[in-house]
Amino acid sequence: MKYHFNEIEEKWQKYWAENQTFKAKNQSDKPKYYVLDMFPYPSGAGLHVGHPLGYIASDIYARYKRHKGFNVLHPQGYDSFGLPAEQYAIQTGQHPAVTTEENIKTYRRQLDQIGFSFDWSREVRTSDPNYYKWTQWIFIQLFNSWYNRVSDKAESIDTLIAIFASEGNAKVNAECDDDVEVFTAENWNSYSSEGQQEILLKYRLTYLAETEVNWCPALGTVLANDEIVNGVSERGGHPVIRKKMTQWSMRISAYAERLLQGLNTIDWTDSLKESQRNWIGKSVGASVTFNVKGHDAKIDVFTTRPDTIFGVSFMTLAPEHELVSQIATDEQIDEVNAYREATAKRSERDRMADVKTISGAFTGAYAEHPFTKAPLPIWIGDYVLAGYGTGAVMSVPCGDQRDYDFANHFNIAIPNIFEGIDISEEAFGDKDNTVITNSDFLNGLKYKKAVKTAIYELEKLGQGEGKTNYRLRDAVFSRQRYWGEPFPVYYIKGMPQMIDAKHLPITLPEVEKYLPTETGEPPLGNAMVWAWDTTTHTVVDNSKINDTSVFPLELNTMPGWAGSSQYFNRYMDPENDDEIFSRDAINYWQQVDLYIGGSEHATGHLLYSRFWQKFMFDLGLVPHDEFAKKLINQGMILGTSAFVYRVEDQNKFLSKGIIGNENVLPIHVDVSFVNSSDELDIDAFKNWRPEFKNAEFTLENGVYKVGRDVEKMSKSKYNVVNPDKIVEDYGADSLRLYEMFLGPLEQYKPWNTAGITGVHSFLKKLWKLYNDDNGLKITEAVATKDNLKTLHKTIKKVAEDIENFSFNTSVSTFMIACNELTAQKCTSKEILEPLLILISPYAPHIAEELWSQLGHSESISTADFPIFDASHLVESTKNYPISFNGKMRFTLELSLDLSKDDIEAAVMADEKTIVQLQGREPKKVIVVPGKIVNIVG
């Protein structure tokens with residue numbers, strides 16, 4: 001009987017689907033285990049062989065846990081809102097929902113053919129109104145909450161309103177905007193409704209504010225920092241500029257300390273934790289206020305080195321700082337504006353990374369030193385960011401290298417406040433070896449004492465205080481796109497109002513065009529039916545907008561991370577229309593036990609999700625304030641790219657081995673045009689693109705040899721390997737085993753299709769262990785000692801490997817076991833039946849088929865994991881080397897239970913010993929039990 005893998009795999013995939021084999025129950029006597037993958041964005045290109053790596057690992061673990069007696073939740077869905085579908089809609093006019101649906105069908109087909117044990121009954125799609133209804137619901141909860149620093153959690157906005165009405169805000173300790181003014185209860189109660197709403201926006205956890213954003217004109221939308229690479233958009237490589245826009249923001253900064261401390265309670269990778277710690281960026285220091293001479297204005301700065309305050313020789317503001325236009329003098333305003341315009345074309349990341357370029361402009365204004373009252377020139381420089389801290393720094397050139405370089409470049413004074421330190425060449429930044437001088441009351445003090453003294457004196461002046469600062473900024477939550485979650489928001493007199501949750505979801509309207517409007521409004525501005533009727537509680541035609549009952553709806557949509565920030569909880573109860581999830585469901589599943597995904601989400605999805613989870617914990621909605629106990633970042637499967645070499649300014653290509661002094665441009669070529677010997681199919685290449693049709697080729701030994709390089713697998717590099725072809729040629733089980741066999745899960749490793757033949761050969765050999773030409777050859781024969789030893793060392797190794805996520809070494813273990821049992825001519829059901837359970841998580845299709853052949857009617861996934869018995873690994877005999885005068889002559893197998901005298905007697909009685917001695921009486925017999933026997937003649 002042959003191994004017909006295509007038929008077998010199709011058969012069992014159909015069986016799993018029809019029988020809902022992997023459907024999890026929300027209540028069970030079994031212990032629960034929740035395994036989750038980061039759900040994919042369904043792109044038009046479908047999956048390549050790099051995508052399933054993490055899914056295969058999580059599937060192995062999920063299947064293993066089922067064998068170990070757990071009720072396993074292993075769901076899958078789609079992060080289906082996204083810019084690519086919208087860009088395609090702009091180009092073709094096809095609705096993004098249509099494109100997305102087609103792409104999802106491709107993904108589902110590809111995922112199914114790899115044999116994943118997903119519970120598809122729980123599928124979610126972020127673009128499904130039944131799903132984003134709850135994303136909108138959470139937004140409303142955030143809007144109706146404020147962060148109480150005293151209780152250190154989010155609370156209902158109603159409690160804050162009650163405080164304002166009874167005692168004002170003087171004693172309120174809340175996370176809020178910096179420009180909140182103090183008011184009394186009498187003031188509050190006298191304010192108009194709009195005035196009260198405006199104040200509350202400064203406290204709400206999601207709020208409207210004018211914010212510096214990354215604006216991409218080509219894409220017509222705001223981009224998050226993690227969507228920008230090297231100063232251009234990650235999607236399409238378009239220029240990005242900084243501009244101010246009124247945007248929805250999330251007050252994630254309120255949770256900065258809790259996000260930091262929570263990292264100590266979860267089993268996530270150290271590198272990922274460090275990324276989040278750096279992104280949150282906790283700093284302890286002081287806030288200092290500098291008065292601006294000749295203006296009723298102040299500059300607030302945060303510094304970790306208040307001990308250096310007497311070293312301040314100038315101030316630097318971010319070019320976008322709101323004070324710049326107010327304080328710039330007439331003589332300097334043109335230079336200042338030109339500099340601000342140039343800076344707006346650079347991204348924040350670009351400005352932070354560029355430490356070599358020194359640029360700036362003098363405003364013509366001066367600040368006043370809080371102690372000496374000396375004038376300090378106020379400059380603007382692009383190394384100061386408006387969104388970090390206060391957007392202003394007190395520049396101490398003797399203690400900070402960037403300030404030092406800036407001062408040198410613009411010929412600004414560099415006073416030295418460090419005792420015994422030469423600053424003629426560079427700034428001095430070693431705070432632990434600092435002794436302050438030229439600093440009045442700080443003279444002679446070391447760092448820690450000087451910091452405390454400086455803060456004390458600033459507080460006495462009323463111009464500073466000790467403060468903890470965080471780099472983490474509130475997250476902009478608006479996007480100028482069509483294909484995203486609509487906000488459940490309408491506006492009365494310019495103030496945002498929430499639509500009652502019982503009327504959700506607010507679904508996307510139809511639009512004629514997916515581009516911004518001619519007046520610059522987001523694409524939803526093109527909708528003809530996009531107004532809220534507060535009487536009928538429905539979306540109505542825009543022509544009905546009035547001042548009494550019909551009002552305009554929000555035109556922005558939510559960002560890509562909105563739908564992914566709580567999907568893991570929704571999987572627990574995805575069909576619930578009445579609540580985001582039932583109390584029973586959340587209390588049963590609790591949180592994700594194992595989360596697998598890429599490290600690129602460290603400061604995006606993973607940070608925002610932790611924020612939302614903590615907020616939901618504050619509201620009593622979830623039992624844990626961290627959503628995932630353990631997280632593993634899988635590495636990446638790299639592609640082996642191919643290159644052809646084009647002579648500069650010619651349509652001529654040189655084979656790699658004959659390139660001399662010519663200037664050549666390497667060009668990526670589709671790897672499907674190249675064979676295993678790196679030879680290019682020239683005809684296929686010429687037909688690939690019109691510009692190559694008449695290309696000339698200079699060959700070596702009659703063929704064109706391409707160059708090779710290992711890099712990220714990507715459609716743009718033409719090095720993508722489609723899993724469909726691999727599954728067709730070798731089977732899904734071969735693909736699963738090979739991806740694990742390539743190396744440790746967390747490492748990067750190159751794909752080589754030729755290498756898959758090794759694991760495919762193993763599966764054919766495994767099949768032959770159970771079947772011959774006449775069919776199944778398994779017997780009821782009693783297992784031999786060697787059979788049991790092979791099985792139990794395999795049980796032990798595979799269990800340890802899976803628990804440690806060392807999946808690559810398990811594949812090697814299977815190969816060794818198969819070779820040993822084949823050599824032992826094992827046909828024992830006692831051995832070969834449990835062996836299938838061990839292999840099942842890795843190669844489920846062949847395991848199911850052989851399990852069925854053994855007479856089982858239920859899926860192998862219901863079988864218990866074999867129990868390891870260490871006694872089978874304990875050796876009962878020893879193959880002793882028998883030596884004569886130190887030279888080994890033969891070996892003799894003896895029981896390990898024999899005493900020293902018994903061993904000697906057995907050796908001396910053996911025929912081979914008698915032959916060696918030839919009648920001589922040995923002088924001595926040395927016996928080391930369990931090791932050696934040496935006969936000295």
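This report describes strands, salt bridges and a few single residues in a predicted model.

**Strands and their pairing**

Four strands form an open sheet in the order 7-6-10-18, and their pairing is antiparallel. At the edges of this sheet lie strand 7 (221-223) and strand 18 (475-476), each of which pairs on one side only. Strand 10 (residues 241-250) is joined to strand 18 in the antiparallel sense over two bridges, and S249 has V476 in strand 18 as its bridge partner.

Elsewhere, strand 3 (residues 145-148) and strand 4 (residues 153-156) run antiparallel and are joined by four bridges. Here Y147 has A154 in strand 4 as its bridge partner. The two strands make a hairpin with four residues between them, in which D152 takes a positive phi near 55°.

**Salt bridges**

The structure holds 36 salt bridges, and the table lists three of them with their N to O distances.

| Pair | Distance (N to O) |
|---|---|
| K202 and D179 | 3.3 Å |
| E194 and K493 | 3.9 Å |
| R346 and D354 | 2.9 Å |

The pair of K202 and D179 links distant parts of the chain, 23 residues apart, with K202 in the loop between helix 8 (193-201) and strand 6 (206-216) and D179 in the loop between strand 5 (174-175) and helix 7 (185-190). In the pair of E194 and K493, E194 lies in helix 8 while K493 lies in the loop between strand 19 (489-492) and strand 20, so this salt bridge ties together parts that are 299 residues apart in sequence. E194 counts as partly exposed because its relative accessibility is 27%, whereas K493, at 69%, counts as exposed. R346, which meets D354 in a salt bridge, counts as buried at 18% relative accessibility. In addition, salt bridges that share partners join E101, R108, D112, E123 and R125 into one network.

**A buried residue and a surface patch**

Q497 has its place in strand 20 (residues 495-498), and Q497 is classed as buried because its relative accessible area of 17% falls under 20%. The side chain of Q497 reaches the backbone oxygen of M495 at 3.2 Å. Leaving aside residues up to four places away in sequence, Q497 touches Q197, P488, V489, Y490 and I492.

M528, by contrast, is exposed, with a relative accessible area of 58%, and has its place in the loop between strand 20 and strand 21 (531-533). Together with V529 and V539, M528 makes a nonpolar surface patch of about 250 Å².

Terms used
Residues numbered from 1 in each chain as written. Predicted model: local features only at pLDDT ≥ 70, side-chain atom pairs only at ≥ 80, totals over all residues. Heavy atoms only, no water. Buried < 20%, exposed > 50% of the residue type's maximum accessible area, 1.4 Å probe, protein only. Polar contact = N/O pair within 3.5 Å; in protein donor to acceptor, adjacent residues only side chain to side chain. Contact = heavy atoms within 4.5 Å. Pairing = 2+ DSSP bridges. Patch = residues over 30% accessible without salt bridge, like charges linked within 9 Å, V, L, I, M, F, W, Y side chains within 5 Å. Areas by Shrake-Rupley, 256 points an atom, 1.4 Å probe, with all protein chains shown as cover. Salt bridge = Lys/Arg side-chain N within 4 Å of Asp/Glu carboxyl O.
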